[in-house]
Amino acid sequence: LEQDLTEKEKAFDTKKIMADKTSEELKEKKTELRKAKDKLSSPLSEEEKAEARKQWEKGSVGFFEKNGSQDALDVFTKDVPYDDFYETGANSAAYIEANKTYTKDDSRDLDRMKASIDAIEKLNKIRQEKGGIDGRKLSIVGISDFEMAVAQANANYSQNRSHAKQYNPPFENLYWSTDPSVDDALEGWYSEEVLFNKLRELGYKSRSEMTNALNNDEYLIRDLKEAGFKNLQVGHYTNIVDHLMWPEEWSRRDSKAAGYAIRPSNLYKPMYEAEVHSLVLNDREGQEDRSLVYSVEEYKEKFNKYYKDLKARMEGKRVITEKDKESLQILENEVKRLEEKVKSLNDDLENSRKEVEDAKLALKNKTSEIQGLDDSIQELEKDLGAKEAIKEENSRSIKALDQDIKELEVKIADYKKS
C-alpha cells in the first residue's frame with residue numbers, strides 16, 4: 001500500500017506539472033489573442049496611413065502587383081520588338097516613356113480604373129443588345145489585368161496622338177471628346193455600322209477593302225459626304241463586333257477579354273478640356289498564358305475590395321483582411337484547444353488527487369487494522385503469561401500436596417505397624 005501511494009503521488013505530481021504548464025500556455029495564448037483583437041479594432045498610425053497613401057499613388061500598378069500579374073506590369077516597362085506584319089513595337093520607346101511616371105491625369109488612377117470597369121459592363125450590354133454583323137450573337141467578354149494594363153498604357157500614350165499599336169492584339173478603339181461619356185464612346189463606335197452596311201451595298205467585301213477605299217477613293221469620299229456621312233471609318237465598328245478583318249480568312253474569333261481606360265487628353269488644349277477612352281478586345285488566341293480572365297462581376301468585386309480597403313486605410317480605419325481573419329481564427333482555435341486540454345488535464349488531476357486520497361485512507365485503515373491486531377496480540381500475550389504463572393503456581397501446589405500425601409501415607413503406615 002505504501003508503494004501504491006508513492007506511485008500515485010508521483011503520477012499526481014507529473015500531471016500537476018503538465019496542467020500548470022498548459023494553463024500558462026493558455027494564459028499566454030489568450031493574451032496574444034486579446035492583443036490581436038485590440039490591434040484590429042484600433043485606428044491606424046500615421047505611418048500606416050502614409051503607407052496606404054503611397055500604395056494608392058501607385059494606381060493600378062499596386063493592384064496588379066498584389067495580384068501577381070507580371071505580364072500586366074511589363075506592359076508599362078518592357079519594350080516590344082518591332083514587327084512589320086503586326087505593326088507592333090514601332091513606338092516602343094515613346095510608349096514606355098509615356099507610362100514611366102505616374103501623374104494626376106494618369107489612366108492608372110484607381111478612380112478612373114473603377115469607372116473603366118463599369119464601362120466594360122456597358123460594353124457587354126450594348127454588344128448583347130445590338131449584336132454583330134448580320135445580327136450575329138456576340139460573346140460576353142471578361143476582364144483581366146493584362147488587357148486593363150494595355151488599355152491604360154495605350155490611353156497614356158494616345159492622349160494627344162493616334163494609336164500606339166504596341167500590342168496588336170489586343171485590338172484597340174480610341175475615342176476623344178470634349179464632352180465625354182462611356183455611352184457616347186460605345187454608341188460612336190457602333191454608329192459606324194451604318195457606313196459599313198452602305199459600303200457592303202456598294203460591293204465592298206472586307207473591312208480592309210472598305211478602309212482602303214475610304215482613304216484613297218476621292219469619288220467615294222465625295223459621294224459619302226454628300227450623303228451626310230461625316231466620320232468615314234468602319235474599323236471601330238468591326239473591332240467592337242469581333243470582326244476586325246471581316247470576312248477575310250484571318251478574321252478574329254469571339255473576344256474573351258477586354259480592357260478599358262479613361263484619362264484627360266491634351267488634344268484640344270488650350271481651347272477645350274477633353275478625355276480619351278481606350279477600349280481593347282482580345283480573343284486570347286495564342287495568349288493563353290496571359291493574366292487570368294475573370295467575369296466582369298468577379299473582377300469588379302476583386303477590384304472594389306482592394307479599392308475600398310485602401311481608401312479606408314488612408315482614412316485611418318483598420319481593415320480586417322482575409323489574412324487577418326485567418327490569423328485570428330487560428331488563435332481562437334488554439335485557445336479553444338488549450339482550454340479543452342486544460343480542462344481534460346484538470347479533470348485527470350482531480351481523479352489522480354482522489355486516487356492519492358483513497359490510497360492514503362486505505363493505508364491509514366490498514367495501519368489502524370494492524371495496530372488493533374498488535375494490541376490484541378499483546379493482550380493475548382499478557383493473558384497467556386498470567387495463565388502460565390497460575391499453571392506454575394498450581395504445579396508447585398500439586399507438588400506440595402503430593403509431598404504431604406506421601407508424608408501422611410508414611411505416618412499411616414507407621415501407625416498401623418504400631
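A crossing of two helices is left-handed if the near helix is turned anticlockwise from the far one by less than a right angle, and right-handed if clockwise. The crossing of α6 and α13 is left-handed in this sense. The structure is a predicted model, in which local features need pLDDT of at least 70 and side-chain atom pairs count only at pLDDT 80 or more, while totals for chains, interfaces and linings use all residues. Residues are numbered from 1 along each chain as its sequence is written, and side-chain values use heavy atoms, with hydrogens and water left out.

**Helix pairs**

Two packed helices are described by the angle between their axes and the distance between the axes. Helices (H or I, at least four residues) and strands (E, at least two) are DSSP runs, numbered from the N terminus. Axes are lines fitted to C-alpha atoms, for helices over the stretch in contact, and angles run from 0 to 180 degrees between N-to-C directions. Angles under 35 degrees count as roughly parallel, over 145 as roughly antiparallel, 65 to 115 as roughly perpendicular and the rest as oblique. Three pairs are set out below.

| Helix pair | Angle between axes | Distance between axes |
|---|---|---|
| α1 and α14 | about 160 degrees | 8 Å |
| α6 and α13 | roughly 160 degrees | within 11 Å |
| α10 and α11 | roughly 85 degrees | within 6 Å |

**Helix α1 and its partner α14**

Helix α1 covers residues 2–41, and its 40 residues should span 58 Å at 1.5 Å a residue (the expected span being 1.5 Å times one less than the number of residues). The end C-alpha atoms of α1 are 58 Å apart, in agreement with that expectation. Its buried residues (under 20% relative accessible area; exposed is over 50%, partly exposed in between, with a 1.4 Å probe and protein chains only) are L5, F12, A19, T22, L26, L33 and L40. The cover over these residues includes α14, residues 322–417.

The axes of α1 and α14 pack at about 160 degrees and lie 8 Å apart, which makes α1 roughly antiparallel to α14. The residues of this contact divide into 19 nonpolar, four polar and 20 charged, where Ala, Val, Leu, Ile, Met, Phe, Trp, Tyr, Cys and Pro count as nonpolar, Asp, Glu, Lys and Arg as charged, and the others, Gly among them, as polar. The crossing of α1 past α14 is left-handed.

Within α1, L40 counts as buried because its relative accessibility is 15%. Apart from neighbours within four places in sequence, L40 is in contact (heavy atoms within 4.5 Å) with R318, I320, D324 and L328. The C-alpha atoms of L40 and K317 are 9.5 Å apart, although 277 residues separate the two along the chain.

In α14, Q403 counts as partly exposed because its relative accessibility is 41%. The C-alpha atoms of Q403 and D358, 45 residues apart along the chain, are separated by 67 Å.

**Helix α13 and its surroundings**

The 19 residues of α13 should span 27 Å at 1.5 Å a residue, and the end C-alpha atoms are 27 Å apart, which agrees. Its buried residues are V296, Y299, F303, N304, Y306, Y307, D309, L310, A312 and M314. They pack against α2 (46–56), α3 (60–67), α6, β1 (142–143) and α7 (145–158).

With axes crossing at roughly 160 degrees, α6 is roughly antiparallel to α13. On the α6 side the contact includes L110, M113, I117 and I120, and on the α13 side it includes V296, Y299, F303 and L310. The contact residues of α6 and α13 comprise ten nonpolar, two polar and six charged. Just after α13, G316 takes a positive phi of about 90 degrees.

**Helices α10 and α11**

Since their axes cross at roughly 85 degrees, α10 and α11 are roughly perpendicular to each other. A213, L214, N215 and N216 of α10 meet E218, L220, I221 and L224 of α11. This contact comprises five nonpolar residues, two polar and one charged.

**Backbone features in loops**

Most residues other than glycine have a negative phi, and most peptide bonds are trans. A cis peptide bond with omega of about 0 degrees joins P169 and P170, and P170 lies in the loop between α7 and β2 (171–177). Another cis bond, with omega of about 5 degrees, joins K269 and P270; P270 lies in the loop between β3 (257–265) and β4 (274–282).

K165, not a glycine, has a positive phi of about 55 degrees and is found in the loop between α7 and β2. D242, also not a glycine, has a positive phi of about 70 degrees and is placed in the loop between α12 (235–240) and β3. K165 is partly exposed, with a relative accessible area of 37%, whereas D242 counts as buried at 2% relative accessibility.
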